[in-house]
Amino acid sequence: MNQHATLAASVAPAQLLADAKRPMHTPAGLVGDTPVLWIGEPFTAAGSGFWAKLEGHNPGGIKDRAALHMVRQARERGQLLPGARIVESTSGTLGLGLALAAVTYGHPVTVVSDPEMEPLMTGLLTAYGAEVELVDRPHPVGGWQQARRQRVAELLADEPDAWCPNQYHNPDNVTAYRPLAHELVAQLGRIDALVVSVGTGGHSAGIGSVLRHYFPGLRVVGVDTTGSTIFGQPAGQRLMRGLGSSIYPGNVDYGLFDEVHWVAAEEAVWAARALARGRYATGGWSVGAVALTARWLAEQMPAESRIVAVFPDGPQRYVGTVFDDAYCARRGLLGRKPADEPDTISHHREKTVTRWTRCTTVLDPLGAERRPASAEVVA
């Protein structure tokens with residue numbers, strides 16, 4: 001008998017299955033237990049690196065977790081009636097998650113987006129059964145984001161039983177990420193720093209608060225885009241999708257962050273492409289911005305530090321943008337390697353940032369005007 005066949009036959013079935021994922025009866029079972037990958041040379045300097053949580057291994061990305069949790073909780077509370085329509089504004093990734101939740105729980109779903117959403121994403125949403133509505137002009141103050149939210153309000157008024165997750169202000173969008181934090185603790189044991197993008201504020205608050213419960217000295221670094229208002233910068237043109245905002249999401253936990261970094265589109269493009277070439281693990285705008293920040297942080301902290309960067313999705317939807325030479329060339333995004341370190345400002349009002357910049361004074365721009373929105377997340 002062949003030696004390899006003998007060895008294979010001698011392994012008990014229970015051992016063979018010990019590290020394998022169980023067969024799933026529903027697509028929702030595919031969400032979670034995503035891998036962690038070491039990101040080192042050549043992306044980072046010799047002797048430094050960080051761990052990347054690869055949320056692109058979920059069917060649609062990191063927001064599969066939030067979509068399923070928000071829908072499940074709304075059904076349990078009676079806020080979402082059986083068979084009722086789900087309506088939400090999204091730049092894409094949450095839309096995929098809501099399409100997954102709609103299939104899982106039996107709801108029609110309407111996704112409201114804008115003309116800047118990638119054709120690939122529109123095609124995927126349609127393929128998964130979602131109806132896609134595109135607004136045709138940006139709001140004069142709140143941009144595309146506010147225009148989408150206004151259209152959502154109109155659709156909800158036309159269909160009284162319809163339900164909107166309201167991802168920007170829904171505390172369930174925070175608690176949805178508690179399992180992800182638990183996965184990280186199980187996978188790495190100790191975590192010294194977390195680098196995470198900030199858009200709705202859901203996964204940064206959900207992951208960061210749980211990890212800080214386990215590791216009180218955890219350093220939490222938020223990553224935003226230039227032109228975003230979340231951390232007090234004035235609203236500006238934003239090319240990057242998936243992070244940043246033109247409004248002030250209630251789920252952002254400002255007290256959680258030790259510092260914030262703003263990253264420009266060309267800097268995120270460079271990092272995403274360098275990751276792909278050097279580590280065969282990459283994603284789009286958010287991944288590029290997070291990786292650039294984590295790369296710098298790994299050089300600042302002691303070599304034994306365990307730094308985790310959350311990569312919200314993979315590269316597939318960005319083939320026509322971040323990884324398309326013609327697209328990037330038209331927008332002046334190519335051949336612009338970032339500086340070795342960010343600019344530093346002492347306060348978000350010090351200046352309007354246009355390149356990679358960090359600030360260690362993190363304040364809620366609305367201050368006392370903001371009412372508490374997020375439920376406390378416990379481990």
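Let me begin with the largest pocket, to which helix H6 (143–158) gives the most of any element in the lining, namely 4 residues; helices here, like strands, are DSSP runs numbered from the N terminus, with H or I over at least four residues for a helix and E over at least two for a strand. Before going on, I should say that this is a predicted model, in which local features need pLDDT of at least 70 and side-chain atom pairs count only at pLDDT 80 or more, while totals for chains, interfaces and linings use all residues. Residues are numbered from 1 along each chain as its sequence is written, and side-chain values use heavy atoms, with hydrogens and water left out.

Back to the pocket. Its space comes to about 660 Å³, a volume being what is filled by probe spheres set on grid points that are joined across faces, edges and corners. A pocket is an open set of points on a 1 Å grid over the protein atoms alone, where a 1.4 Å probe fits and protein lies on both sides within 12 Å along at least five of seven lines, and lining residues have an atom within 4 Å of a point. The lining has 43 residues, and those nearest the centre are Ser91, Arg238, Met240, Arg241 and Gly242. Besides H6, H4 and helix H9 (202–214) also supply at least two residues each. By class the lining holds 12 nonpolar, 23 polar and 8 charged residues, where Ala, Val, Leu, Ile, Met, Phe, Trp, Tyr, Cys and Pro count as nonpolar, Asp, Glu, Lys and Arg as charged, and the others, Gly among them, as polar.

Now to the helix pairs. Helix H3 (residues 63–77) packs on helix H4 (residues 93–105) at about 45°, with the axes 8 Å apart; axes are lines fitted to C-alpha atoms, for helices over the stretch in contact, and angles run from 0 to 180 degrees between N-to-C directions. H3 and H4 are therefore oblique to each other, since angles under 35 degrees count as roughly parallel, over 145 as roughly antiparallel, 65 to 115 as roughly perpendicular and the rest as oblique. Among the residues in this contact, meaning heavy atoms within 4.5 Å, are Leu68 and Val71 of H3 and Leu96 and Leu100 of H4, and the classes are 10 nonpolar, 3 polar and 4 charged.

The axes of helix H8 (residues 178–188) and H9 come within 8 Å and cross at roughly 40°, which makes H8 oblique to H9. Their contact includes Leu184 of H8 and Leu211 of H9, and it has 8 nonpolar, 1 polar and 1 charged residues.

Helix H10 (residues 265–279) and helix H11 (residues 285–300) pack at about 85°, with their axes 7 Å apart, so H10 is roughly perpendicular to H11. Trp270 in H10 and Trp285 in H11 are among the residues that meet there, and by class the contact has 12 nonpolar, 1 polar and 2 charged residues.

Finally, the backbone. Most residues other than glycine have a negative phi, and most peptide bonds are trans. Glu41 and Pro42, however, are joined by a cis peptide bond with omega about 5°, and Pro42 sits in the loop between strand S1 (36–39) and strand S2 (50–54). Asn166, although not a glycine, has a positive phi of about 50°, and Asn166 lies in the loop between H6 and helix H7 (172–175).
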